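I opened this entry to keep a record of what I looked up, going from one helix to the whole chain and then to two single residues.

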Amino acid sequence: MKKLFLLCFICCSILQSQNEIDLSYYLPQDVTYNQNIPTPKSVIGHQVGKWHITHDKLVQYAYALANASDRITIEDRGKTFEDRPILLLTITSPKNHQHIDDIRKEHINATNGNSSVNTSSMPIVVYQGFSIHGNEPSGANAGLLAAYYLAAAEGDAINELLDNVVILFDPSFNPDGLQRFAYWANTNKSINLNPDPSDREYSEVWPGGRTNHYWFDMNRDWLPVQLPESRARIATFHKWLPNIVTDHHEMGTNATFFFQPGIPSRTHPLTPKLNQELTKGIANYHAKAFDKIGSLYYTEENFDDFYYGKGSTFPDINGGIGILFEQASARGHIQESDNGILTFPFAIRNQFTAALSTLEAAKNMREEILAYQHNFFKNARSEAAKENGKAIVFGDEKDAAKTYHLAEILKRHQIKFNEIKQDFTANGKRFKKGYSYIIPKNQKNTRLINAMFEKRTTFQDSLFYDISAWTFPLAFNLDYAEGVSTNNVGTEVTKLEFKNRNVTGQSNYAYLMEWHEYYTPKVLNKILNKGLRAKVAMKQFSLNGKQYDYGTILIPVQNQKLNSKNLYSLLNDLAQESHVQIDAVSTGLTQKGIDLGSRQFRNLQKPKIALIVGDGITSYDAGEIWHLFDTRYDITVTKLDTKTIANADLSRYNTIIIPNSRTSGLSEVNTKKIITWVKNGGTLIGYKNTLKWFKSKKLAKLDFKKVKVRAKNVTFEERGNFRGAQVIGGAIFEAEIDRSHPINFGYKNNKIALFRNTTIFMKPDSSSYNNPIKYTNRPILSGYISKPNLDSLRGTVPLQIKRLGKGKVVAFTDNTNFRAFWYGTNKLLMNAIFFREEL
Ligand SMILES: [Zn+2]
């Protein structure tokens with residue numbers, strides 16, 4: 001008993017002493033520190049690691065450092081969705097600061113393909129970023145120490161480092177997520193730190209702090225740049241073209257520390273071999289530093305450099321070297337692990353050590369890495385020269401907004417493009433002047449262009465950490481053609497602008513709006529919200545010499561809540577705001593097809609939408625939908641938590657969306673409630689795994705194909721890879737569509753590209769008209785799929801719509817809203833909502 005007491009006493013002392021850590025635990029002790037530089041504690045009120053830093057305190061410290069140090073300047077580059085500042089510290093010697101813009105210009109100039117560049121006196125540029133996943137906070141907390149060290153350390157070593165390195169210091173890649181996690185970890189902390197993994201401190205509530213405000217994984221957005229945090233970051237990246245970019249993460253509590261290189265065979269083939277060799281060279285510095293502090297680590301066993309949308313991979317296609325760090329997570333302040341008690345300060349110290357070893361490597365490998373970047377762009381230039389005369393064209397006369405948004409991504413990546421000189425046909429598609437852009441291949445960022453536009457279906461490895469395809473024109477479902485002649489190149493687009501659209505005139509009879517433009521759902525929703533009547537055309541017709549497609553919206557002028565003048569004024573505002581054209585017509589008599597008074601124009605009702613969120617629901621998929629409605633279409637959705645459905649009055653909604661989910665997400669009571677609601681006339685829309693729940697609860701008679709893959713000649717060691725190869729991590733598939741079906745209104749081609757990251761294969765309905773979207777016989781457009789899965793996919797369908805009582809159930813196997821950049825399939829969801837009565 002005495003012994004037990006003694007043991008308890010010692011344990012408690014250890015645990016309590018975790019609160020008493022001082023700066024010497026973290027910082028090198030072989031240098032002196034400038035007393036005029038504020039320590040983190042003097043500003044934030046506690047020692048680093050005692051509490052999780054909140055973003056507001058982090059901002060406070062960043063400004064305090066910048067004020068006190070002539071080695072640091074600070075820049076506010078914009079705001080997150082929650083209005084937190086997106087800061088950047090530029091850290092280098094005061095001497096370099098005096099002519100920082102010349103340094104930057106010289107650095108960029110060296111990437112412009114000049115044949116000779118003298119790198120001997122050029123500083124190397126290192127971009128250090130922390131905690132892009134907000135609940136992996138040891139990075140951002142270590143950032144406080146790294147910034148302090150760089151500002152306060154004295155002596156020859158730091159002076160030499162800062163003379164040779166320009167550090168772009170991004171203290172928090174994900175401010176909103178960091179704040180959310182800090183709240184959780186801090187509010188659940190006990191004075192007597194408790195390492196029991198079952199303590200509440202270590203299991204965050206849904207959706208957790210990993211993601212940003214709309215629950216996006218920000219470490220997938222470096223290439224699509226759809227989110228404000230990435231937009232600021234990518235602007236800095238292209239402004240500086242850093243040589244090294246580091247990305248500090250956390251992984252499972254029982255792990256140790258990982259630094260790249262990752263699995264060599266899973267490097268994207270467009271990344272030069274030398275990139276990985278230099279990564280290995282840099283790794284030696286991390287290894288040495290970790291050996292010194294006695295921390296375990298590993299390399300090359302997992303993580304990869306394939307998808308260019310990640311922070312450690314994006315630099316690799318832009319002449320830089322991206323480095324991923326992964327630290328075992330304390331996920332709070334202290335936790336038991338396979339490697340003993342893992343404390344938050346220990347995790348922070350490892351991250352701090354890696355931040356410093358990166359800079360040490362950068363300083364020592366400076367000329368080699370600068371030369372690598374120079375050659376990267378020089379070689380890219382000679383590849384581009386071989387493609388002189390060739391270009392890529394994309395566009396859609398019927399959808400200027402989607403065309404604009406793809407062009408916007410190119411602009412953010414400093415890819416040059418032009419208007420087309422005249423209308424022309426390529427790849428069987430007509431490209432219209434004013435509605436198309438053309439990208440000459442012979443330009444600086446030609447490798448990035450290839451990475452964004454290529455379709456790839458063969459791979460060295462069959463395992464992917466993330467998606468295997470992201471071909472942008474397919475994600476946008478835009479017409480495009482590669483290898484077209486630069487004879488079609490018109491003036492360069494220096495300022496990208498939306499096409500001006502409006503109402504063609506005031507009418508006393510009716511207005512017509514075709515449904516192809518991306519923002520038409522936003523317009524229609526606002527019209528219905530005003531209590532105005534609108535109808536949808538179930539058939540095509542022509543009027544005043546114009547062909548109107550399926551899905552055209554009719555807004556009659558008479559008998560509306562607004563008089564004709566006010567209606568015109570409203571529609572004109574909406575047309576301009578949403579960049580859509582609305583035609584004023586003075587007659588209901590068409591030249592061909594249905595007249596405007598036909599019953600084939602169906603009345604539309606205002607959507608009242610609930611989105612199921614919370615435990616059991618995949619937060620990414622839910623966030624994509626929330627973001628889509630809230631930021632693109634200005635449509636209000638009620639986020640209905642799985643915990644509160646039981647108390648909610650479902651009759652307030654005519655549409656309920658259940659994103660991808662674990663089937664356990666909904667209780668029996670809630671299930672019954674939803675079934676009753678559908679039977680009373682509701683439209684229930686579900687995605688991916690939710691379809692299995694639909695089937696098991698008899699909400700919809702869905703039939704799935706079973707894929708059996710037998711393991712032949714697979715060893716025990718190979719079993720993981722064998723199973724992994726059957727995963728569809730994310731690839732792009734082609735489907736044929738029946739354009740006369742309301743789910744496809746607004747699509748002008750007979751084929752569509754779909755994003756799929758599931759192995760749910762749904763059998764078609766026996767009536768062909770109930771299968772408006774069908775995979776083609778050779779459906780893979782881009783990305784990896786195993787042969788058994790590809791064989792299974794053929795002849796299946798991504799969508800079924802089933803009746804239940806007075807309502808219906810809409811079942812999607814594929815994600816129509818993937819990561820905010822799949823603009824091309826958003827309309828399928830909008831159609832399911834606005835035309836739900838006609839499906
Ligand atoms: Zn992470």
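**Helix α15.** I began with helix α15, which spans residues 446-453 and is mostly covered, since seven of its eight residues are buried. I noted the buried residues of α15 by name, and they are Thr-446, Arg-447, Leu-448, Ile-449, Ala-451, Met-452 and Phe-453. I keep in mind throughout that this is a predicted model.

**Whole protein.** I then stepped back to the overall fold, for which I find 24 helices and 37 strands in the protein. The radius of gyration is 29 Å, and the globule rule gives 28 Å for 839 residues, a close match, so I take the protein to be as compact as a globular protein of that length. Along the principal axes, the C-alpha atoms fill a box of roughly 90 × 75 × 65 Å. I also looked up how much of the chain is covered, and buried residues account for 61% of the 839 residues. Among contacts between residues at least 6 apart in sequence, 80% join residues that are at least 24 apart.

**Surface and charge.** For the accessible surface of the protein I have about 33,000 Å², with 47% of that area belonging to carbon and sulfur atoms. The protein carries 103 positive and 82 negative charges, and I note that their mean positions are 9 Å apart.

**His-516.** Is His-516 buried or exposed? I located His-516 in the loop between β19 (510-513) and α17 (520-529), and its relative accessibility is 4%, which is under the 20% limit, so I count it as buried. Leaving aside residues up to four places away in sequence, I list Lys-398, Asp-399, Asp-549, Gly-746, Tyr-747, Lys-748 and Lys-827 as the residues that His-516 touches. With one of these, Asp-549, the side chain of His-516 makes a side-chain to side-chain polar contact at 2.9 Å.

**Ser-42.** I turned next to Ser-42, which has its place in helix α3 (residues 40-44). Its relative accessible area is 53%, and because the limit for exposed is over 50%, I enter Ser-42 as exposed. What lies 2.7 Å from a polar atom of the side chain of Ser-42? I find that it is the backbone oxygen of Thr-39. I also checked Ser-42 against Tyr-61, which is 19 residues apart from it along the chain, and their C-alpha atoms are separated by 9.1 Å.

Notes
Residues are numbered from 1 along each chain as its sequence is written. This is a predicted model: local features need pLDDT of at least 70, side-chain atom pairs count only at pLDDT 80 or more; totals for chains, interfaces and linings use all residues. Side-chain values use heavy atoms; hydrogens and water are left out. Helices (H or I, at least four residues) and strands (E, at least two) are DSSP runs, numbered from the N terminus. The radius of gyration is taken over C-alpha atoms; the globule rule is 2.2 Å times the number of residues to the power 0.38. Buried means under 20% relative accessible area, exposed over 50%, partly exposed in between (1.4 Å probe, protein chains only). Contact means heavy atoms within 4.5 Å. Accessible areas come from the Shrake-Rupley method with a 1.4 Å probe; for residues, only the protein chains shown count as cover. Lys and Arg count as positive and Asp and Glu as negative; His and the chain ends are not counted. The place of a charge is taken as NZ of Lys, CZ of Arg, CG of Asp or CD of Glu. A polar contact is a pair of N or O atoms within 3.5 Å; within protein, one must be able to donate a hydrogen and the other to accept it, and residues adjacent in sequence count only if both atoms are side-chain atoms.
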